[in-house]
Amino acid sequence: MDTRKKIVGFEEALAIAQERPVRWVTGYFDPLLVDHARRVREFIDDGRLLIAVVTNPENPLLPQRARAELVAALTGVDYVVMKDGNSPSEEPEDAQITRDFIHYVLERQAAGDPA
């Protein structure tokens, strides 16, 4: 299955949500980390669809479409919506994960560590 077909517009997602019970999860997923995948897995609920909303941080590392495609490839994610701007429902943990990752990469680069 081409997981990119899971990426739908916001209006389509709202229509889907009216037909079946849905759980929404919102985040930057910039970049998509194993911690994100674990958290998303925690939201999987039998009987409810899982729709992930990919938002934009201030200075993204990856394009929004690339992040949406990565999230769509996660098992358990039924649909993905790309949303411009920052959502008030965005979880601060997601932003913190991204900041921690950037800090880690910068520290390793400064230390001359190639890996």
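**Cores, sheet and an aromatic pair**

In the largest nonpolar core, which comprises 14 residues, Val40, Leu50, Ala52, Val54, Val71, Val77 and Val80 are the residues that touch the most other members. Two or more residues of this core are given by each of the elements E3 and H3. Apart from it lies another core, made up of 8 residues, including Val8, Ile16, Val22 and Val81. These assignments, like those that follow, refer to a predicted model. When its neighbours within four places in sequence are left aside, valine 40 is in contact with Phe29, Leu50, Leu74 and Val77.

The strands form an open sheet of 4 members in the order E1-E4-E3-E2, and their pairing is parallel. At the edges are strand E1 (7-8) and strand E2 (22-27), each of which pairs on one side only. Strand E2 is joined to strand E3 (residues 49-54) by 6 bridges, the two running parallel, and valine 25 stands opposite alanine 52 in E3. Helix H3 (residues 64-72) lies across E1, E3 and strand E4 (79-82), and its direction makes an angle of about 165° with E4.

A search of the whole structure finds 1 aromatic pair. The ring centres of phenylalanine 10 and tryptophan 24 are 6.4 Å apart and the ring planes stand at 50°, so the pair is classed as tilted, since tilted pairs are those between the limits of 30 and 60 degrees. The pair links distant parts of the chain, with phenylalanine 10 in helix H1 (residues 10-19) and tryptophan 24 in strand E2, 14 residues apart. Phenylalanine 10 is partly exposed, its relative accessible area being 38%, and tryptophan 24 is likewise partly exposed, at 33%.

Note on methods
Residues are numbered from 1 along each chain as its sequence is written. This is a predicted model: local features need pLDDT of at least 70, side-chain atom pairs count only at pLDDT 80 or more; totals for chains, interfaces and linings use all residues. Side-chain values use heavy atoms; hydrogens and water are left out. Two strands pair if DSSP finds at least two bridges between them. Contact means heavy atoms within 4.5 Å. Axes are lines fitted to C-alpha atoms, for helices over the stretch in contact, and angles run from 0 to 180 degrees between N-to-C directions. A nonpolar core is a set of buried Ala, Val, Leu, Ile, Met, Phe, Trp, Tyr and Cys residues joined through side-chain atoms within 4.5 Å. Buried means under 20% relative accessible area, exposed over 50%, partly exposed in between (1.4 Å probe, protein chains only). Rings of Phe, Tyr and Trp (its six-membered ring) pair if their centres lie within 6.5 Å; planes under 30 degrees apart count as stacked, over 60 as edge-to-face and the rest as tilted.
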